[in-house]
Amino acid sequence: KEKLINNAITALLSQEGDIAASNAELESQFQAVRRLVASKAGFLAFTQLPKFRERLGVKVVKALKRNNDGVTHASIDMLCALMCVSIQF
């Protein structure tokens with residue numbers, strides 16, 4: 001299960017088509033990452049996968065520059081999920 005979550009997170013963050021991606025697609029990517037990091041394995045990936053935080057940060061900055069309410073909400077919601085310690089283990 002942990003390997004599947006790590007692979008899914010890596011696949012979502014490796015998509016460099018952020019500029020070409022539609023707002024709805026980018027919003028969906030952030031929602032998927034949010035759900036993945038809500039698990040124990042997903043949160044551990046945030047702390048252990050190399051370049052995870054850097055790629056995620058770049059993706060959030062690019063998303064915020066779009067000035068789209070849906071994308072902004074999804075990216076901030078995903079960041080909030082990473083800051084909450086109330087993950088059910």
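Two residues are in contact here when heavy atoms of each lie within 4.5 Å. With that meaning fixed, the tour of this predicted model can begin at a single side chain.

**Stop 1: Glu27**

Select Glu27, which is placed in helix α2. Beyond the residues up to four places away in sequence, Glu27 touches Gly70, Val71 and Ala74. Now add Ala74 to the selection and display the two C-alpha atoms: Glu27 and Ala74 are 47 residues apart in sequence, yet their C-alpha atoms are 5.6 Å apart in space. Is Glu27 buried, partly exposed or exposed? Its relative accessibility is 24%, so Glu27 counts as partly exposed.

**Stop 2: the whole chain**

Zoom out and colour by secondary structure. The chain contains 5 helices and 0 strands, and from the N terminus the order of elements is α-α-α-α-α. Of the 89 residues in the chain, 34% are buried. Among contacts with a separation of 6 or more, 74% join residues that are 24 or more positions apart.

**Stop 3: α2 against α5**

Two packed helices are described by the angle between their axes and the distance between the axes. Select α2, residues 23-37, together with α5, residues 69-83. These helices pack at an angle of about 10°, and their axes are 9 Å apart. Angles under 35 degrees count as roughly parallel, and α2 and α5 are therefore roughly parallel to each other. To see the contact itself, show side chains on both helices. From α2 the participants are Asn23, Leu26, Glu27, Phe30, Gln31, Val33, Arg34 and Val37; from α5 they are Gly70, Val71, Ala74, Ser75, Asp77, Met78, Ala81 and Leu82. Sorted by class, this contact of α2 with α5 holds 9 nonpolar, 4 polar and 3 charged residues. Glu27, the starting point of the tour, is one of the α2 participants.

**Stop 4: α1 against α2**

Keep α2 displayed, hide α5, and select α1, residues 2-14. The axes of α1 and α2 are 10 Å apart and the helices pack at an angle of about 155°. Which relative direction do α1 and α2 have? Angles over 145 degrees count as roughly antiparallel, and α1 and α2 are therefore roughly antiparallel to each other. Their crossing is left-handed. On the α1 side the contact is made by Ile5, Ala8, Ile9 and Leu12, and on the α2 side by Gln29, Ala32, Val33, Leu36 and Val37. By class, the contact of α1 with α2 comprises 8 nonpolar residues, 1 polar residue and no charged residues.

**Stop 5: α2 against α4**

Replace α1 with α4, residues 52-64. The axes of α2 and α4 come within 12 Å and cross at roughly 145°; this crossing is left-handed. Leu26, Gln29, Phe30, Val33 and Val37 of α2 meet Phe52, Leu56, Lys59, Val60 and Ala63 of α4. The class count for the contact of α2 with α4 is 8 nonpolar, 1 polar and 1 charged.

**Stop 6: the nonpolar core**

Show all five helices again and turn to the interior. The largest nonpolar core has 21 residues, and the members that touch the most others are Ile9, Phe30, Val37, Phe52, Leu56 and Met78. Two or more residues of this core come from each of α1, α2, α3 (40-48), α4 and α5. Centre the view on Leu56. Leaving aside neighbours within four places in sequence, Leu56 is in contact with Leu13, Val33, Phe46, Met78 and Leu82.

**Stop 7: Leu64**

Follow α4 to Leu64, which is placed in that helix. Apart from its neighbours within four places in sequence, Leu64 is in contact with Thr72 and Ser75. The C-alpha atoms of Leu64 and Ser75 are separated by 7.8 Å, and the two residues are 11 residues apart along the chain. With 35% relative accessibility, Leu64 counts as partly exposed.

**Stop 8: two loop residues**

Finish in the loops. Select Lys51 in the loop between α3 and α4. Its phi is near 70°, a positive value in a residue other than glycine. Lys51 has 54% relative accessibility and so counts as exposed.

Then select Asn67, which is placed in the loop between α4 and α5. Asn67 is not a glycine, although it has a positive phi of about 55°. Its relative accessible area is 67%, and Asn67 is exposed.

Note on methods: Residues numbered from 1 in each chain as written. Predicted model: local features only at pLDDT ≥ 70, side-chain atom pairs only at ≥ 80, totals over all residues. Heavy atoms only, no water. Axes fitted to C-alpha atoms, helices over the stretch in contact; angles between N-to-C directions. Helix = DSSP H or I, 4+ residues; strand = E, 2+ residues; numbered from the N terminus. Left-handed = near helix turned anticlockwise from the far one by under 90°. Nonpolar A, V, L, I, M, F, W, Y, C, P; charged D, E, K, R; others polar. Parallel < 35°, antiparallel > 145°, perpendicular 65-115°, else oblique. Core = buried A, V, L, I, M, F, W, Y, C linked by side-chain atoms within 4.5 Å. Buried < 20%, exposed > 50% of the residue type's maximum accessible area, 1.4 Å probe, protein only.
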